[in-house]
Each structure stands twice: as C-alpha cells, then as structure tokens.
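Colleague: I would like to learn how to read a few features in this model. Could you take me through them one by one?

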Amino acid sequence: MGIGTFTPRISWTYDARVDIAQDANVLIRVRRRLPGHDEHTEQVIASASDNVLRDWPFRPLGKREQAYVSVALANDCDEPIWSDEAYVEPGLIHSGDILSQMVGPAWREPWSDRRQAPLIRTELQLRDTPQCARLYVSAFGLVDAEINGNPVGEDILNPGWTLYNERLQYRTYDVTDLLHAGNNAMGFWLGDGWYRGRLGFWGGKPNVYGSKLGVWAQLEVTFADGSTQMVASNAYDGAWKAAKGPIISSGLCEGETYDARLLPEGWSCASFDDSGWERVTEIDFDPLTLTSPEHDPIRRIGSHDIVSMNTLDDGSVIIDFGQNCTQRLEFNVSTLPAGTTITVQHAEVLDNDGDLFTRPLRRGIQRDTYISDGKNKTWEPRFTIHGFRYAKVQGWLGTLRPEDIVCHVYGSVMRRIGWFDCSSEIVNAMHSNVVWSMLSNFVSVPTDCPQRDERMGWTGDIALFAPTASFLYDTEAFLSNWLVDVASETDKYNAVPYYVPFIPLAEWRKPENIAIWGDAAVLVPWALYMASGDVHMLKRQYALSRMYIEQVSELLSEDGVWDRPPKLEFGQLGDWLDPTAPPEDAAKAMTAKELVATAFYAQSVTIAKHMAEILGNDGDKSDFEALEHRVRTGFQRRFIKADGRMTSDTQCAYALAIQFKLISDDEGLSVAGNRLAALVRAGDYTVGTGFAGTPYILPALTATGHLDEAYRLFLSTKCPSWLYQVSMGATTTWERWDSQRPDGSFNPGGMTSFNHYSLGSVATWMHETIGGISPLAPGWKEFLVSPMLGGAIDHAHVRHNSPYGVIDCAWQVQDDSLKVTLTVPHGARALVKVCGHEEWAESGVYARTYGMVTE
Ligand code: BGC
C-alpha cells in the first residue's frame with residue numbers, strides 16, 4: 001500500500017511437483033477499483049516461464065487505484081486454480097499529490113537532550129461514513145498516529161532513517177474503519193529519533209537533520225458516491241494544535257522517560273477540550289523530498305518468554321529473556337500507585353555478581369523510566385529501542401510477576417527465505433545466532449550493533465555479510481533503499497563514507513575511501529543481484545559501483561597497488577579485529593593493510609567488469625578489464641613471493657588471494673592452499689582472521705582440497721573460533737572473537753559488542769558446503785548441489801526460497817550410502833555433484849541414494 005509506481009513488476013512461483021511444459025501459459029488477473037467506483041477485472045495470457053519480475057501486463061494503475069493480482073496456470077479443460085491475491089496500491093507519486101505542510105510546536109526548547117516530546121492534534125468533520133480512507137504520514141522526527149483514540153497501524157520508529165533532507169519516506173495506512181460520519185479527531189505522537197536525537201559515539205551529535213520536530217499528514221477520504229474529502233496538516237486553519245506530552249525525554253540509545261500523569265486523557269478523541277493547546281507552526285520542508293517507501297517498516301516480529309527472574313540485594317529484579325536481540329518490554333502497570341517511578345535498564349550480558357554489565361553500552365545506557373498515574377494499564381516505551389537479553393527493573397512496588405511483562409522483538413519486516421539445520425546442535429545454535437544478529441541489525445538501515453551508542457550503517461560490515469543476509473531473508477528492498485543513500489553520500493563526499501547515513505564524528509569526520517567499507521559500493525549491489533537476478537536493480541545501483549571504482553583508481557600506485565594510506569587516524573582498517581589486535585587498536589592486524597586493500601579492490605574491479613558486461617556497457621567493460629589486469633599484476637608482484645609464499649604469511653592473506661582468484665597458476669594455488677592449511681594446523685585450529693579474512697577462510701580451504709582442516713577449524717570450540725562463542729553461551733554473533741574471554745571476563749576494549757553480524761558470514765559456508773547448495777547464476781537460475789561431508793555431521797537440510805521457487809536439499813548418511821532429496825524449482829536447474837556423480841537436474845523433486853567412496 002502506497003508503493004512508488006503505477007506499474008509494479010509481478011513474480012510468482014510454482015510447486016515443483018507440478019510438471020509445467022516449456023510452452024505452458026498462465027493467466028494473470030487483476031481486480032481493480034478506483035475508490036468510490038465499481039470494481040472490474042482484467043486478464044491476460046502470458047508465458048508460464050516469464051514468472052520472475054515480469055513487467056506489469058495491464059494498463060498502468062491510476063492514482064490511488066486498488067488492485068488485487070493473481071495468477072493461474074492456463075488450462076483448456078478445467079477451471080483455473082488461482083493463486084492467492086497480492087494487493088497493490090500506488091501512493092503519492094506526483095508532486096501535485098503532496099498538499100500538506102510540515103507542522104510542529106512553536107515553543108522554545110533547549111538545544112539538545114531532555115526535550116519534552118509534543119503531541120499534535122486536529123479535529124475533522126466527515127459528511128458521511130467513508131467508503132475508503134487513507135492516512136499518509138511522515139515526520140521530522142518519529143511519529144505514531146492515532147484516530148479517535150485508536151492507534152493507526154503497527155509500525156514503530158516511522159519514518160525510519162534516510163537522508164531526510166533528500167528523501168523523507170511516508171507511510172500509508174488504511175484508516176477506513178477508524179473514521180465515522182460526523183466529528184473525528186487525529187492525534188500524533190512525535191519523538192526525536194534519528195532526526196534530532198543524539199546520534200553516534202564520543203558524545204554523539206544532536207540535531208543532525210534539524211532541531212524542530214514536525215508531522216506531515218494527509219488524510220484522503222472517499223465516500224460511496226465517489227466524492228472525496230481531504231484533511232492536510234497545516235498551520236493556517238487553526239485546527240492543528242500542539243501540547244507537551246508525557247514523554248519527558250527520549251533517545252534511541254539513551255531510552256525514554258514517560259510520566260503517565262502528563263497524558264491528557266482522550267487527547268486524540270473528538271470530544272477533547274484543546275483550548276489550552278497552542279496552534280502549530282509551519283516548519284520549512286521541501287515537498288519534493290517526500291518519497292514512497294521502498295521497504296517495509298519496523299514492526300513487532302516476535303516475542304520472548306522470561307527464562308528467569310532474580311531479585312538482587314537492593315530489591316531490583318534481573319530478568320533473563322534467553323535471547324539477545326533488538327526488543328522492548330511492555331509492562332502491566334495497572335497495580336502501580338500514582339507517582340511510583342520504575343526504571344528499566346537493558347544489557348546484553350551480566351557481570352560476576354549477576355548484575356547488568358553496562359560498560360560496553362557507553363553513552364547508550366538503554367534506560368527507560370515510567371512514572372505512574374495510577375490509572376494506566378500497560379506501558380511500553382515508544383521512541384526508543386534496545387539491544388539486550390537481560391533487563392533490570394528497579395522501583396517496582398509489590399511483587400513483579402512474569403505475567404506483568406511481555407518482551408516484544410522488533411525489526412524491519414522482511415520475508416524469511418533461507419533455513420539450515422544439521423545433526424550438530426552446536427552448529428545449529430551458531431546458525432541461529434547468525435540469524436538473530438542479522439534481525440537485530442536490520443532496523444531501517446543495516447547497522448553494526450543494536451545496543452551501544454553507535455548503531456550506524458557501517459558500510460564494511462554489510463559489505464561482508466550481504467551474501468549471507470540475502471540467503472536468509474529477502475533483503476533486496478531493504479538494502480536497495482539504503483544503497484540509494486550510499487550513492488548519494490558517495491557522490492557528495494567523493495568517497496564511500498564509513499557509515500551511511502553519514503554524520504561527521506570524531507576521527508571519522510571526513511569521509512575517505514578505504515577498502516572493504518568502500519567496497520560495499522560494489523559488494524552489496526552484487527550480492528543483491530546474485531540473490532535476485534534483478535537487472536533493473538543492478539542498473540539502478542551501477543552508478544554507485546562505478547563511482548567507487550573510479551575514485552579508488554585515482555589512489556593507486558603506478559603498479560596498481562593500493563598502498564597510499566588514507567589520512568584517517570587508523571589508516572586503512574585492513575583485517576579489522578583480527579585476533580591479535582589489542583583491545584584498543586582494532587586495526588592492528590597481522591596482515592599488511594595494503595595487501596588487504598588491493599585484494600578487495602581487485603575483486604571489486606572484477607565484479608564491476610561483470611556488471612558492465614551484463615548492462616551492455618562496453619566502454620566501461622574494457623576500461624575495467626584493463627584496470628583489473630593492472631591491479632592483479634600489481635598484487636601478484638608485490639605480495640606473492642617467488643616460492644608462492646605471501647609477504648604476509650597469514651590466514652587472511654592466503655584466503656583472500658585464493659578466493660579472489662589472485663593466483664593465476666594451479667601450482668601457485670596449491671602452494672597457497674597448502675600453506676593456508678599449514679597455518680590453520682599450526683594455530684591448532686583457531687581462527688586467525690578479522691573482518692576481512694573471515695568470510696573467505698573456510699571457502700579457501702575447501703576450494704584447495706583442505707576440507708578436513710576447514711571442518712576442524714569450523715567445529716573448534718577453542719578461542720578464537722565461531723563455536724567458542726556458542727560454547728560460552730552466546731545467542732548472537734559477537735563483534736570480537738573474544739568479546740568474552742575464556743576466563744569469563746569481558747574484553748576491556750571500549751568497543752565490545754555481543755551482537756555484530758560480520759563474523760556470521762560463515763553461515764554462507766554452512767549453506768554451501770554442509771548444506772550443499774550455492775548459486776551458479778544470478779537469481780539461482782542455475783545452482784550447484786554438492787554437499788561436502790565432514791566432522792561427525794551425518795545429516796543436513798538446507799532450504800532457500802529462490803526467485804524461481806523453493807530449492808530444498810536434505811542429505812543423510814545411511815551405512816555406506818548417502819541419501820539425498822532435492823527440489824529444483826521450475827525455471828531453474830541444478831548441477832548435482834555428489835559422491836563422484838555429476839549431472840544436471842531440471843525442475844522436479846528427486847530422491848537418490850549414492851554409494852559413498854571411503855578413502
Ligand atoms: C563498528 C564496526 C565498524 C567499525 C569500523 C566499529 O565501531 O562497530 O562494526 O565497522 O567501527 O571502524
């Protein structure tokens with residue numbers, strides 16, 4: 001609802017058990033209706049094989065037209081069996097649709113912090129019962145709407161985080177049932193959020209986008225006779241008013257303070273007396289920045305039960321919810337007498353005394369305060385969000401009972417499309433941790449962590465994790481939306497900023513291109529393209545990739561090596577957080593930074609060359625080919641010695657050289673693979689890589705014939721390793737290999753999170769090597785099925801809802817044979833390589849048993 005196009009593309013999939021002939025057709029049907037008009041149906045016949053991102057086959061939708069689309073296989077004899085209907089409705093697409101003003105309170109406020117959040121209200125008379133009503137709403141700050149005392153929609157933290165001065169998203173709500181003929185009222189809660197709240201580390205920065213909160217709202221009502229009525233937020237008709245509300249202060253990281261005694265009862269109902277409220281003022285706002293959302297809002301996506309409650313000596317209660325992630329608590333406060341103040345603080349881990357360990361939160365203290373009015377029934381903070389597993393409640397009068405608390409999980413809504421499990425419980429726990437760290441950090445923008453005073457769109461983290469993320473969830477809308485801002489910032493600063501949206505902070509004040517973080521400009525669009533096969537999206541993002549390649553080409557030395565250090569205090573971040581990096585110098589790694597930078601750039605140039613080829617841009621393609629040759633040759637000459645050893649004799653160096661195909665001959669490749677395996681053995685099967693090398697080490701071992709070392713490294717529980725974290729009780733992936741140390745103490749580094757997704761990129765190896773499926777062509781049109789057995793794992797199951805439909809592969813060892821069941825969707829085909837057999841499988845469902853060759 002409220003999409004930004006009149007001609008949405010359509011995709012559908014088939015049940016793989018149904019045999020569909022190459023020349024089969026489908027019927028595509030649309031039931032369409034303009035509000036206040038009769039519905040009519042249109043139908044077209046189309047090729048059954050054109051089922052992925054097919055162009056809209058009908059007349060373009062009209063303004064606010066409501067359409068239900070469904071598909072059925074065309075069949076001469078029987079009645080068609082229609083698919084479920086998909087609903088689409090265009091939003092405010094023409095600039096002339098935007099008639100409201102941005103309005104907010106006129107009172108004077110402190111420049112930062114502790115600013116009491118306003119409530120805005122208006123009343124309206126409807127001449128009849130609406131047949132259809134839509135509320136379009138956005139804000140400077142965060143907004144929640146109410147109509148006649150009822151909440152509108154279930155989204156939180158609207159309108160999310162974008163470069164507000166360039167793109168301000170609105171959301172569309174069906175409010176037909178909330179309105180009636182006669183007198184109605186609308187109310188809007190406003191909060192600081194990303195717009196003017198304090199953002200970032202080292203004290204952060206307030207008012208990044210402006211210092212005045214405002215709401216932008218447009219209510220469009222259609223009556224049964226087709227006539228319409230519109231209510232637009234404005235400062236001129238005197239009907240929009242503001243007053244200070246019960247939220248005394250709120251910050252995304254700091255938490256919220258709510259004094260229930262200050263909530264004017266019935267403020268969003270028509271009978272309310274607002275004579276004491278002030279008229280709103282208009283806030284400078286460019287209507288052309290208002291944009292249809294590209295991705296789904298942030299909503300409740302789950303809940304957690306209480307695992308334990310423990311009362312400390314001072315009477316405060318520590319509650320364990322069993323899972324670290326992004327969530328908020330809702331309390332039954334009906335028993336609290338007026339004036340009671342409770343505080344709730346949230347943290348990821350407990351200290352030795354069983355109290356919250358809050359040092360890693362830094363400024364982001366995640367503390368909510370509630371002051372009771374003795375009447376309110378439930379309370380949940382509104383304009384803040386927390387990353388935690390444990391909460392501490394202080395000041396509760398009487399006994400706090402488990403049934404007084406509900407723990408709601410939040411995240412940007414995305415469709416789950418990837419699953420994995422196998423016979424090892426600890427491996428399954430690791431996979432679950434990867435999923436939780438992803439969910440915790442996909443909150444409007446892809447963030448580094450959900451708890452401390454950071455929560456920024458660090459580009460390097462998602463550059464490395466995007467392929468994993470795109471297997472697990474349909475991330476195309478979420479990440480494409482963010483990439484629009486990455487492109488805009490990259491253009492503005494002539495470099496890919498370290499995080500997007502960019503805020504000048506401390507040593508990160510001036511964006512400069514650095515490897516990995518900058519490579520996000522290429523790696524994220526490419527991951528989306530490989531997952532979706534969407535050329536349209538690739539075309540849109542290509543300008544960003546190209547900008548980065550060109551910007552960095554200016555920084556190279558004559559021989560193609562990227563060795564000129566940026567002015568950034570850390571220099572290149574290199575293999576950030578490799579296990580030898582001291583707690584306070586995360587960029588101090590074993591592997592030379594210029595090696596890491598050149599390797600990643602070489603890979604990006606190769607990918608950009610493929611992009612140019614796919615998009616038919618021959619000029620770029622040949623430029624990138626020449627550049628690729630220069631960078632690769634430079635890399636080989638500088639970093640690979642005559643005997644095949646590398647100048648940095650590290651796990652990271654070999655992993656990158658192998659996986660980015662920077663070694664041209666088979667002999668060199670085998671030397672590198674052997675050396676990598678030797679280093680892993682010498683390290684007693686512990687990980688020696690940081691952010692840069694971690695996604696590549698297991699694939700590099702596997703690709704060079706060292707599957708045994710790969711499995712032993714993966715299954716190790718010694719620190720540093722993936723399963724070490726799990727063995728220490730982690731429920732998410734940590735930022736550092738040793739965020740918690742084997743002796744139970746916490747890493748003293750000022751940067752110690754227990755919920756970063758980057759190291760979880762290992763899940764891609766789990767899907768591909770243990771589970772056995774990996775894409776060979778964009779959108780999984782062709783894919784490889786080749787489980788490689790190791791460890792003591794004797795069965796595994798992996799599933800991916802690809803653009804063509806469900807891919808499912810399950811295998812099981814039975815005596816001396818391997819039983820494999822496989823689903824290949826219509827339109828795709830699989831290259832099956834199992835136990836020495838190799839064949840292509842077209843769509844269908846297969847069950848095969850292979851004799852296992854044991855060495
Ligand atoms: C973040 C990282 C990020 C890094 C870059 C950290 O504070 O949490 O994940 O990529 O800084 O320097």
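Modeller: Gladly. A polar contact is a pair of N or O atoms within 3.5 Å; within protein, one must be able to donate a hydrogen and the other to accept it, and residues adjacent in sequence count only if both atoms are side-chain atoms. Here, the side chains of Glu89 and Arg134 are joined by such a contact of 2.7 Å. This is a predicted model, where local features need pLDDT of at least 70 and side-chain atom pairs count only at pLDDT 80 or more, while totals for chains, interfaces and linings use all residues. Residues are numbered from 1 along each chain as its sequence is written, and side-chain values use heavy atoms, with hydrogens and water left out.

Colleague: Is Glu89 buried or exposed?

Modeller: Buried means under 20% relative accessible area, exposed over 50%, and partly exposed in between (1.4 Å probe, protein chains only). Glu89 is buried, at 1%. Helices (H or I, at least four residues) and strands (E, at least two) are DSSP runs, numbered from the N terminus; Glu89 sits in the loop between strands E4 (86-88) and E5 (103-104). Contact means heavy atoms within 4.5 Å, and leaving out residues up to four places away in sequence, Glu89 touches Arg134, Arg64, Glu65, Gln66 and Tyr136, among others.

Colleague: Which strands stand at the edges of the open sheet?

Modeller: Two strands pair if DSSP finds at least two bridges between them. The sheet has 6 strands in the order E9-E8-E12-E6-E15-E18, with antiparallel pairing. Strands E9 (150-151) and E18 (278-279) are at the edges, each with a single partner strand, so one side of each has no neighbour in the sheet. E18 is joined to E15 (residues 241-244) by 2 bridges, and Lys241 has Arg279 in E18 as its bridge partner.

Colleague: And the cores: which residues have the most contacts inside the largest nonpolar one?

Modeller: In soluble globular proteins, nonpolar side chains tend to be buried together. A nonpolar core is a set of buried Ala, Val, Leu, Ile, Met, Phe, Trp, Tyr and Cys residues joined through side-chain atoms within 4.5 Å. The largest has 205 residues, and Tyr499, Phe600, Tyr601, Trp722 and Ile770 have the most contacts inside it. Helix H7 (residues 593-614) provides the largest share, 12 residues. Apart from this core lies another, of 30 residues, including Ala133 and Val215. As for Trp722, the residues it touches include Met430, Phe714 and Trp737, not counting those up to four places away in sequence.
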